[in-house]
Amino acid sequence: MFGDDHDFQPRLGRMRSASGRRGKRFLNRVLAATVLANGGPISFRARKTRFDGSRIGRGAGVGRVLASRDQFAAWRQRRVIIKSRIVKLAGKGMAGARAHLRYIQRDGVTRDGEPGQLYGADQDRVEGKPFLDRAEGDRHQFRFIVSAEDGDQYDDLKPMVRRLMAQVEQDLDTQLDWVAVDHHNTGHPHSHIIVRGKSLSSGPAKGRNPGNDRGKDLIIAREYLTRGMRERAAEIVSLHLGPKTDAEVQGQLRREVEQERFTSLDRRLLRDQSPEHLVTGADRDPFQQALRMGRLRKLERLGLAAEIRSGQWQLADDLESTLRRMGERGDIIKTMHREMVAQDLVRTPVDLIIHDPGANGARPIIGRVVARGLSDEVNDRHYLIIDATDGRTHYVDIGKGEATEPTPVGSILRVEPRPLDARPIDRRILEIAAANGGRYSIDIHLRHDPAASEAFAESHVRRLEAIRRLTKAVTREPDGTWIIAPNHLDQVVDYERAQARFNPVNVRVLSTLSLEAQITVDGATWLDREFVAANPEMVRDAGFGRDIRDAQARRRQWLIAEGLAWEERGTTFYRADMLATLRRRELLRVAGQLSDELRLGYVEMRPGQPVEGVLRRIVPLAGDKVAVIERSRDFTLVPWRPVLDRHIGQPVSGIMRAEGISWTIGRQRSGPSVS
């Protein structure tokens, strides 16, 4: 009667029912009985949750199953931390992807201090360029950092990473294009994994034909990214190293008793506390009670718990947040100690400072770079360790790495908090808009202030465009006119605060030369500028401050020998043209070296002369940088501006002025100019 058993589909409900409603009522009765069996009637509508998109994408089901495992499984298997990030590649995204790939392959990340080596699913050495070429046009990419708690027990992390990625491919039912680098330069060995945001092919699961998803955007469910992948990694590490023994688990818990960070013991105390933040020190298990009492005593010493009566404790309201901050501080201090030892520097613990740019009275920091690194490799947040003129060593969170130019170890720089107030340019925009019906444009600006140049007005437009991109606080009409609200200055403050979250400080390199190199270099150095400054920096006779005083004494002797300074009655006097003379000497020396290299003559530009040619490179000097502009038969050196870094190899033109150059990028009569 039936050609295939699969053609038969049962229909729930009363026999001979012509309507689908009876089947629906039968299903409702089943659901109601299930609810009653679970403890009583609950409104079906009340159980509905808001859609959040967490189950969209591959691996949603696997992620839910893995996330719902036994809550005590973490003690029975090896722990693994996985940080994940989805990075958009549109716009400047590919440039950021190239920079990220270079960074994870940097020097000093292997056990032997060698550069990191990319590898893939079946090759121990792969090149990054072909991987990036394949990713050209991709919408996004996934970046993972995989760190096993017992990663130091692996001689080689590659087998673990390959097995993990093979399992991920099986869970997601697709083939992945990925590369990875192993890092051993921290206390916890870890692996950086980059996955293209494209599916290469699909497996036969779920009725799909192999290859029917090739080239489509790879969407991974949030539940798999946050929980599922971590559980898979923990499984693999547990299989490789074996499950934890009772002695290992007990030792780990004992170590948590005295730790000044948020631990699993604290998490259990918070789970057991009453609405009044009260907990008891008792537990049915003697070992757990010993841990509990030991942790409560430690929290009492930290001022985060108080014994109000025998066996009963009250926890501080901010216990978790305070312990997390203490843990972060402890990690930072360890990082500072490690970097100071690597540079053979000795500082007392009281002189190790974590800089807070948002604190009241935060002052600028001037000093030499001890180290630069990533505090958050997933979100690309960098830090600097600076040995400062105040004799102390400062840890500074500088935010996004792309906003700060390269800072070699030993270079001298100045770090100051990012100002959050409106600038004169913002007040000028508001003033012009208020006089013109709340509207602003270059033409309106030039009519309002005939003395202003077009390049000056264009700088105001760039400021408005930056605010619009980040906060959408200002709007631009199709004809290029900007609508400026009366509360524009408040909107500017909101913009500056948003910027400060990404880049809390401004970093300015004062000299790429180390302090030792500045003593005898024939050029205008930071030390020379400090000699003739109206308000030189205060230098403490300790730490780096003492090194500066010694270098200044030796530099003075060099200047005297060169005829650029002299001493009278214990006081050193400097020639009025000392800085100009030193700078000209260095320019001519660098120009001679470039002339031999480029086989072109050097032409010195004067104020008022036009500059036109191809921007070839940026050359660092003792105190600043210059740009090399190459023409058909010669070249010239002009003052550097940060914006020029993005246009190396392009035609540029401008007018040489005493205060700088107004640049035009590209060969065109009218185009984007940079003042």
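In which loop is Glu377 found? In this predicted model, Glu377 sits in the loop between strand 11 (365-376) and strand 12 (381-388). With a relative accessibility of 17%, below the 20% limit, Glu377 counts as buried. Leaving aside neighbours within four places in sequence, the contacts of Glu377 are His100, Ile145, His183, His190 and His192. One of these, His192, is 185 residues away from Glu377 along the chain, yet the C-alpha atoms of the two are separated by 9.2 Å.

The chain as a whole contains 19 helices and 27 strands. Of its 675 residues, 44% are buried. Among contacts with a separation of 6 or more, 64% are between residues 24 or more positions apart. The accessible surface of the chain is about 38,100 Å², and carbon and sulfur atoms account for 50% of this area.

The largest nonpolar core is made of 29 residues, and Trp178, Ile193 and Val195 have the most contacts inside it. At least two residues of this core come from each of strand 1 (80-88), strand 2 (140-148), helix 7 (158-172), strand 4 (178-183), strand 5 (190-196) and helix 8 (222-241). Helix 8 gives the largest share, with seven residues. Ile193 illustrates how the parts of the chain meet. Not counting residues up to four places away in sequence, Ile193 touches Phe142, Arg143, Phe144, Val146, Val161, Met165, Trp178, Val179 and Ala180. Another core, of 16 residues, lies apart from the largest one and includes Ile429, Leu430, Tyr440 and Val474.

Helix 11 (residues 286-301) has 16 residues, and the distance from its first C-alpha to its last is 23 Å, close to the 22 Å expected at 1.5 Å a residue. At the N-terminal end, helix 11 is capped by Asp285, which has a side-chain oxygen 3.1 Å from the backbone nitrogen of Phe287. After the helix comes Gly303, with a positive phi near 75°. The buried residues of helix 11 are Leu291, Arg292, Gly294, Arg295, Leu296, Lys298 and Leu299. An α-helix has 3.6 residues a turn, so residues three or four places apart point the same way. The cover over the buried residues of helix 11 includes helix 9 (246-257), helix 10 (264-272), strand 7 (278-280), strand 8 (305-309), strand 9 (312-315) and helix 12 (319-342).

Lys298 belongs to helix 11. Lys298 counts as buried because its relative accessible area is 9%, which is under 20%. Residues up to four places away in sequence being set aside, Lys298 touches Val257, Glu258 and Glu260.

Three of the strands that cover helix 11 are strand 7, strand 8 and strand 9. Strand 7 pairs with strand 9 in the antiparallel sense over three bridges, and Val279 has Trp313 in strand 9 as its bridge partner. Strand 8 and strand 9 also run antiparallel, joined by four bridges. Here Arg309 stands opposite Gln312 in strand 9. Two residues lie between the strands in the hairpin of strand 8 and strand 9, where Gly311 takes a positive phi near 85°.

Helix 15 (residues 454-471) has 18 residues, which should span 26 Å at 1.5 Å a residue; the end C-alpha atoms are 26 Å apart, so the helix agrees with the expected span. Buried residues in helix 15 include Ala455, Ala457, His460, Arg463, Leu464 and Ile467. Also buried in this helix are Glu458, Ser459, Glu465 and Ala466. Helix 15 is followed by Lys472, which has a positive phi near 60°.

Positive phi values also occur at two loop residues. Asp173 is not a glycine but has a positive phi of about 60°. Asp173 lies in the loop between helix 7 and strand 3 (174-175), and at 11% relative accessibility it counts as buried. Arg569, a residue other than glycine, has a positive phi near 55°. The loop that holds Arg569 is between strand 19 (565-568) and strand 20 (571-574). Arg569 has a relative accessible area of 88%, which is over 50%, so Arg569 is exposed. Of these two loop residues, Asp173 is thus buried, whereas Arg569 is exposed.

Notes. Residues numbered from 1 in each chain as written. Predicted model: local features only at pLDDT ≥ 70, side-chain atom pairs only at ≥ 80, totals over all residues. Heavy atoms only, no water. Buried < 20%, exposed > 50% of the residue type's maximum accessible area, 1.4 Å probe, protein only. Contact = heavy atoms within 4.5 Å. Areas by Shrake-Rupley, 256 points an atom, 1.4 Å probe, with all protein chains shown as cover. Expected span 1.5 Å × (residues − 1). Polar contact = N/O pair within 3.5 Å; in protein donor to acceptor, adjacent residues only side chain to side chain. Pairing = 2+ DSSP bridges. Core = buried A, V, L, I, M, F, W, Y, C linked by side-chain atoms within 4.5 Å.
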